[in-house]
Amino acid sequence: MAGPQATLRADAPAVEAAALLSRLETSAALVVDDVDAFVDVVSDEDLLRRLLPAYLGEADALARVLDERSAEEFWRRLEGTTVRDLLPQEREEEPVVEGDATLVEVASVMTRAGVRLVAVVQDGRLAGGIS
């Protein structure tokens, strides 16, 4: 059965995603629209992709050129950004299952969608999530 999961509005400021993930010590949250319909999953990886310069992923040595004082500059990258802006542009599969999905089906969707959290929809409504 699906359980309650952290949710964020797609139009909320991106800093809310950072605050929620940090406060709840979780790696992902469900994203909903203004009528609580499921939109996508936002993860800590999505947040880091927005915060950190792309070149940091190329080599560990490049990350060493920055110090902790750079954190404030990175944080400013979220200004004017919404949760929707953090979401991946494309996914192989939408991270959502029906309420009667088996654990194998859930695991399969997680793998294909590249997420650790999937939304559970029952009768067309968001019922919760499985991580």
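Start with the largest nonpolar core of this predicted model. It has 18 residues, and the ones to select are Leu8, Ala29, Val42, Val83 and Leu86, which have the most contacts inside it. Now colour the elements that give two or more residues to this core: H1, E2, helix H2 (44-51) and helix H5 (83-86). Of these, H1 gives the most, with five residues. As background, nonpolar side chains in soluble globular proteins tend to be buried together.

Next, centre the view on Val83 and show what surrounds it. Leaving out residues up to four places away in sequence, Val83 touches Leu8, Arg9, Ala10, Ala12, Pro13, Ala14, Ala17, Val31 and Val42. Before moving on, look for another core, which lies apart from the largest one. This other core has 14 residues, and Phe38, Val109, Ala119 and Val120 are among them.

Now switch to a cartoon view and pick out the sheet. Its three strands run in the order E1-E2-E3, forming an open sheet with mixed pairing. Select residues 7-9 for strand E1 and 38-43 for strand E3: these are the edge strands, each pairing on one side only. On average, neighbouring strands of the sheet are turned by 35 degrees against each other, direction ignored. Add strand E2, residues 28-32, and you can follow its antiparallel pairing with E3 over five bridges. Then bring in helix H1, residues 14-24, which lies across E1, E2 and E3. Relative to E1, the helix runs at about 170 degrees.

The next stop is Ser43, in strand E3. Which residue stands opposite Ser43? On the pairing strand you will find Ala28 there. Ala28 is also one of the contacts of Ser43, along with Leu21 and Ser27, once neighbours within four places in sequence are left aside. Is Ser43 buried or exposed? Its relative accessible area is 13%, under the 20% cut-off, so Ser43 counts as buried.

Stay on Ser43 and show its side chain. What does Ser43 do at the N-terminal end of H2? Ser43 caps that end, with a side-chain oxygen 3.2 Å from the backbone nitrogen of Glu45.

From this cap, move along H2 itself and select Asp46, Leu47 and Leu51, the buried residues of the helix. Turn the view until you look down the axis of H2: these buried residues fall within an arc of 135 degrees, so they line one face of the helix. To finish, show H2 together with the largest core, to which H2 gives two or more residues.

Definitions and conventions
Residues numbered from 1 in each chain as written. Predicted model: local features only at pLDDT ≥ 70, side-chain atom pairs only at ≥ 80, totals over all residues. Heavy atoms only, no water. Pairing = 2+ DSSP bridges. Helix = DSSP H or I, 4+ residues; strand = E, 2+ residues; numbered from the N terminus. Axes fitted to C-alpha atoms, helices over the stretch in contact; angles between N-to-C directions. Contact = heavy atoms within 4.5 Å. Core = buried A, V, L, I, M, F, W, Y, C linked by side-chain atoms within 4.5 Å. Buried < 20%, exposed > 50% of the residue type's maximum accessible area, 1.4 Å probe, protein only. Arc of directions from axis to C-beta. Polar contact = N/O pair within 3.5 Å; in protein donor to acceptor, adjacent residues only side chain to side chain.
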